[in-house]
Amino acid sequence: MQDKFKSRYGQDRIITKQDDGSFIVEGESDYYRAAGDEHTLTMVDFQGGPFIAVGDPLLGNKNHGVVNKIEILKERKEGSFAVKIFCD
C-alpha cells in the first residue's frame with residue numbers, strides 16, 4: 001500500500017506500508033525537528049509537515065493505527081528525509 005500527499009509547502013510526501021506492518025514516511029525536506037532522548041524518539045516534524053508523534057494516530061483519519069515507535073532512516077539522499085513508523 002502506498003499513499004501520496006502534499007506538505008503545506010507543496011512538497012510530495014509518500015507513505016508506504018512495509019511487510020512487517022510498519023510504514024515509511026518520506027519526502028523532500030531540507031530540515032526536520034525531532035524530540036526524545038538518545039534511545040527513544042517521541043516526535044518528528046518534516047519541513048512543511050507532517051508532524052508525527054508517539055500516541056497520535058498516524059496521519060490523521062487514515063486508520064493506519066496509533067504511533068508507538070519512530071525511527072529516523074539515515075540512508076536517504078541529501079534534501080530528503082524518511083522515518084519508519086510502528087503503530088498499534
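**Exercise 1. Decide whether strand 1 is largely in the open, and find how strand 1 pairs with strand 2.**

Step 1. Strand 1 covers residues 2-6, and of these 5 residues the number buried is 0, so strand 1 lies largely in the open. Here buried means under 20% relative accessible area, exposed means over 50%, and partly exposed lies in between, with a 1.4 Å probe and protein chains only. Strands are DSSP runs of E with at least two residues, helices are runs of H or I with at least four, and both are numbered from the N terminus.

Step 2. This is a predicted model, in which local features need pLDDT of at least 70 and side-chain atom pairs count only at pLDDT 80 or more, while totals for chains, interfaces and linings use all residues. Residues are numbered from 1 along each chain as its sequence is written, and side-chain values use heavy atoms, with hydrogens and water left out.

Step 3. Strand 1 pairs with strand 2 (residues 12-17) in the antiparallel sense over 5 bridges, where pairing requires that DSSP finds at least two bridges between the strands. Within this pair, Lys6 stands opposite Asp12 of strand 2. The hairpin has 5 residues between the two strands, and Gly10 takes a positive phi near 85° there.

**Exercise 2. Describe the surroundings of Asp45.**

Step 1. Asp45 belongs to strand 5, which spans residues 41-46, and Asp45 is buried, with a relative accessible area of 9%.

Step 2. Leaving aside residues up to four places away in sequence, Asp45 touches Tyr32, Arg33, Pro50 and Phe51, a contact being heavy atoms within 4.5 Å.

Step 3. From Asp45 to Ala35 the C-alpha to C-alpha distance is 9.2 Å, and the two residues are 10 residues apart in sequence.

**Exercise 3. Summarise the whole chain, from its strands to its charges.**

Step 1. The chain has 0 helices and 8 strands, which gives the pattern β-β-β-β-β-β-β-β when read along the sequence.

Step 2. For 88 residues a compact globule would have a radius of gyration near 12 Å, and the chain agrees with this because its own value is 12 Å; the radius is taken over C-alpha atoms, and the globule rule is 2.2 Å times the number of residues to the power 0.38. The C-alpha trace spans about 30 × 30 × 20 Å along its principal axes.

Step 3. Of the 88 residues in the chain, 39% are buried. Finally, the mean positions of the 12 positive and 15 negative charges are 5 Å apart, where Lys and Arg count as positive, Asp and Glu count as negative, and His and the chain ends are not counted.

Notes
Charge placed at Lys NZ, Arg CZ, Asp CG, Glu CD.
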